[in-house]
Amino acid sequence: MRKHAPKAERSLRTDRLDADLVVVGGGMAGVCCAITAARAGVRVVLVQDRPVLGGNASSEVRLWVLGATAHMGNNNRWAREGGVLDELLVENLWRNPEGSPVIFDTILLERVVAETNVTLLLNTAVQEVRKQGDRIASVAAFCSQNSIRYELHAPLFCDASGDGIVGYLAGAPFRMGAEKADEFGEKFAPDPAEYGELLGHSIYFYSKDTGKPVTFVPPSYALKDIEAIPRFRQFNAQSHGCRLWWIEWGGRLDTVHDTEKIKWELWKVVYGVWNYIKNSGRFPEAANLTLEWVGLIPGKRESRRFEGPYMLIQQDIIEQRRHADVVAHGGWSIDLHPSDGIYSPKPGCSQWHSRGVYGIPYRCLYSRSVPNLFLAGRIISASHVAFGSTRVMATCAAAAQAVGMAASLCRRDGVLPAAISEPGRISRLQTALIESGQHIPGVQPGPTGLEASARVTASSSLKLAGLPADGPLILLTSSFAQMIPVPTGPVPKMTVYVHADRATTLRMELRETERPGNHVPDRTLAVREVPVPYGQNVPVRLDFGVSVASPRYVCLCAMKNPALALHGSEMRLTGVLALRHRYTQQPPGDIGVDTVEIWCPDRRPGGHNVALELDPALDVFGPENVINGIARPTVMPNAWVADPADPKPSLTLTWDTPQDISRIVLEFDTDFDHPMESVQYGHPERAIPFCVKRCRVLDEQGRVIWEQSDNHQTRNVLALATPLRTAKLTIELLETHGKTAPALFGVRCFGVAA
Ligand SMILES: Cc1cc2nc3c(=O)[nH]c(=O)nc-3n(C[C@H](O)[C@H](O)[C@H](O)COP(=O)(O)OP(=O)(O)OC[C@H]3O[C@@H](n4cnc5c(N)ncnc54)[C@H](O)[C@@H]3O)c2cc1C
């Protein structure tokens, strides 16, 4: 036993930790920054004031992680963010396709504690910043669970705290509220009085069917007058969780210091809504439902935004402006909400899409005045309007991965964040990111490792002569488009099979995208009006007589005609997608947003390709694609796809002289078009059908140096304890998860020094 005599006062135990990088805030941005940095050799302290990681994606708040894929509801194809975020979402799909928020917590915790370079401090809130000159020297934090005060010292800090606690205390310039339209020429800038300047917080609830009647006695603070909510008629017994994102309030208040007040109002609304569902008599189907969970922490959308050397604006997003220092991409709509939230008579959100994804410049990711402070998450340097898009978690995470990698370059070169903006260093950052799985639109460093000097051959390559007519009918109740990757030269002749309820005219349009890299079929190359008789399986041959000057996707569009259907195919293929015209975005007046058709795929098990014959067959899936440095479809599929009839598909890299290889990276197809919502949504598959499940790597003697029997991940990294000396590597793809033709996006080989 220890006895402690009375004392005048005591002070907390204080532990000092030293690191290369202190990351404050363990939301998706902080987590992805910390893991990326740690894997690049940076010693990281990650400080999170709550018991689990994930921020708004954690089981405490329960938002689904989204980014450029936007639930597959926009024109961004194959746009899911890569790198660590992709690994986390793919793992979550594998373990948790039903979307339990608690399981997602465990994955984040597991992946962070697996990194030996990360020291994780949970339940630890940063409260103080110490500076030396203009730089941050240390931050102080307190853990309420172990009663320890921490002093965290590092040459570099990353503020990923959502409200920007570090930047605020360090005196970094920030903004809160909305810029006026004339500051940056942003036509969508809201009218502060009429629409408000800040997005509010939200609290969700989950309900559960108990199988027997359940009563509900509301707390005294529950909202009584449910008709104070203009959209109260939209409440129903089925909606819960993220689908109630519009239970939002607080945008007219100080969303930092008034958070507790906002939380109480949201609790009042949530319990009032549940009381209405249970006790108003309007929802008899809710008799057996109980309230399983109510958020204890509000999800915060917006507070401070910090100023970097560059501020992202509306035009960067809508016009997809190119920046030499692009390091990540976004693609969510510009999504602003009325500040009065649930009490506003206006729609809960106003969302406007660009034609494709946009780039996020590195200069948005560090403070313009505190030289050793990186910015990550929703606080990055963006105007209020641009923040409306950058704020979603996968976009936050992708930019934060760039911060993590930039920190490793700062450490290696002994420089501060601004120095990484210099041309030589920014290209090194872009290359390092791409090597780690990040997708950066418009940046294509090509092969960066030993694979650059290899000859690449394959046992077979798919020559796509068509897609078999073994699938369901594709009704032309809306216009349909088949994306087809074509090489330079004449577009092949095509045959589709049509079912007609009556004699009518089929209008086929060959379209492409106006801007390379986008995927919206917004430019018509040729039109054919084909008379179709009543009948089944009527072949329609199409020769558009069009040539293309460079490889690209064209879209074979069958325009809406309810009397018609096309025969579909069960065949699914890497880099080949079918789209539906969902609607046309038509902005009201000049708000700086384009009128654009929105074409999206249906989710599996729907979303069938059209049955098709192609003459000549497409030869675009060759083995050379695996070393072009792009690991997803962009203007072309960028994949080697084996002939489906190949009994033993394999790809071989051969060098003139033996190479010493210490690391091999294989990049598989986990369908970058799939958004992989992390919670609640539910997914039909645990593993993506295109993904290689079993594979082997062999050296020049035919020895198996690596074997994988149950892969579901995008990237497989083979770190060889002893470097392998070989002049030949063979990669055998033995099985995919979906019986699709095996495909490989990339092979990267690194030498001993890498
Ligand atoms: C209701 C709602 C719906 C949304 N819908 C979506 C959606 O569908 N999909 C999507 O992707 N995004 C959505 N968003 C946006 C998204 O959730 C946020 O913009 C995003 O979470 C910001 O990421 P972040 O990492 O910057 O912040 P956060 O996720 O808030 O993470 C910051 C973390 O830092 C911690 N922290 C704060 N202060 C300290 C401190 N002093 N010391 C230590 N740690 C600290 C916090 O506890 C938190 O865990 C929504 C937001 C809300 C509120």
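**A friendly note on the ligand shell, a surface patch and some salt bridges**

1. Let's start with D699, which sits at 2% relative accessibility, so D699 counts as buried. Keep in mind as you read that this is a predicted model. The side chain of D699 meets that of R703 in a salt bridge, 2.8 Å from N to O. R703 is partly exposed, with a relative accessible area of 48%, so this bridge joins a buried residue to a partly exposed one.

2. Now look at R511 and E509, which also form a salt bridge, with their closest N and O atoms 2.8 Å apart. Are these two residues buried or exposed? R511 has 7% relative accessibility and counts as buried; E509, at 5%, is buried too. The cut-off to remember is that buried means under 20% relative accessible area.

3. D594 and R355 make a salt bridge as well, and here the closest N and O atoms are 3.1 Å apart. This pair links distant parts of the chain, 239 residues apart. You will find D594 in the loop between β32 (578-585) and β33 (596-600), and R355 in the loop between β17 (350-352) and β18 (358-361). D594 is partly exposed at 28% relative accessibility, and R355 is partly exposed at 22%.

4. Salt bridges can also join up into a network. Try tracing the one that links R39, E87, E91, R95, E110, R111 and E115. The count for the model comes to 60 salt bridges.

5. Next, the ligand. Which residues come nearest to the ligand? Of the 33 residues around the ligand, they are D49, N56, W64, R391 and M393. An oxygen atom of the ligand is 2.5 Å from a side-chain N or O atom of D49. A ligand nitrogen lies 2.7 Å from a polar backbone atom of W64, and a ligand oxygen lies 2.9 Å from a polar backbone atom of R378. Taken alone, the ligand exposes 980 Å², and the protein buries 93% of that.

6. What is the shell around the ligand made of? The elements that give two or more residues to the shell are α1 (28-39), β5 (124-132) and α9 (393-413). Of these, β5 gives the most, with three residues. The shell residues divide into 16 nonpolar, 11 polar and six charged.

7. Finally, turn to the surface. Y168, L169, F174 and M176 form a nonpolar patch there, with about 320 Å² of accessible area together. Y168 lies in helix α4 (residues 165-169) and, at 36% relative accessibility, counts as partly exposed.

Conventions
Residues are numbered from 1 along each chain as its sequence is written. This is a predicted model: local features need pLDDT of at least 70, side-chain atom pairs count only at pLDDT 80 or more; totals for chains, interfaces and linings use all residues. Side-chain values use heavy atoms; hydrogens and water are left out. A residue is near a molecule or strand if one of its heavy atoms lies within 4 Å of it. A polar contact is a pair of N or O atoms within 3.5 Å; within protein, one must be able to donate a hydrogen and the other to accept it, and residues adjacent in sequence count only if both atoms are side-chain atoms. Accessible areas come from the Shrake-Rupley method with a 1.4 Å probe; for residues, only the protein chains shown count as cover. Helices (H or I, at least four residues) and strands (E, at least two) are DSSP runs, numbered from the N terminus. Ala, Val, Leu, Ile, Met, Phe, Trp, Tyr, Cys and Pro count as nonpolar, Asp, Glu, Lys and Arg as charged, and the others, Gly among them, as polar. Patches are made of residues with over 30% relative accessible area and no salt bridge: like charges are joined within 9 Å, nonpolar side chains (Val, Leu, Ile, Met, Phe, Trp, Tyr) within 5 Å. A salt bridge is a side-chain nitrogen of Lys or Arg within 4 Å of a carboxyl oxygen of Asp or Glu. Buried means under 20% relative accessible area, exposed over 50%, partly exposed in between (1.4 Å probe, protein chains only).
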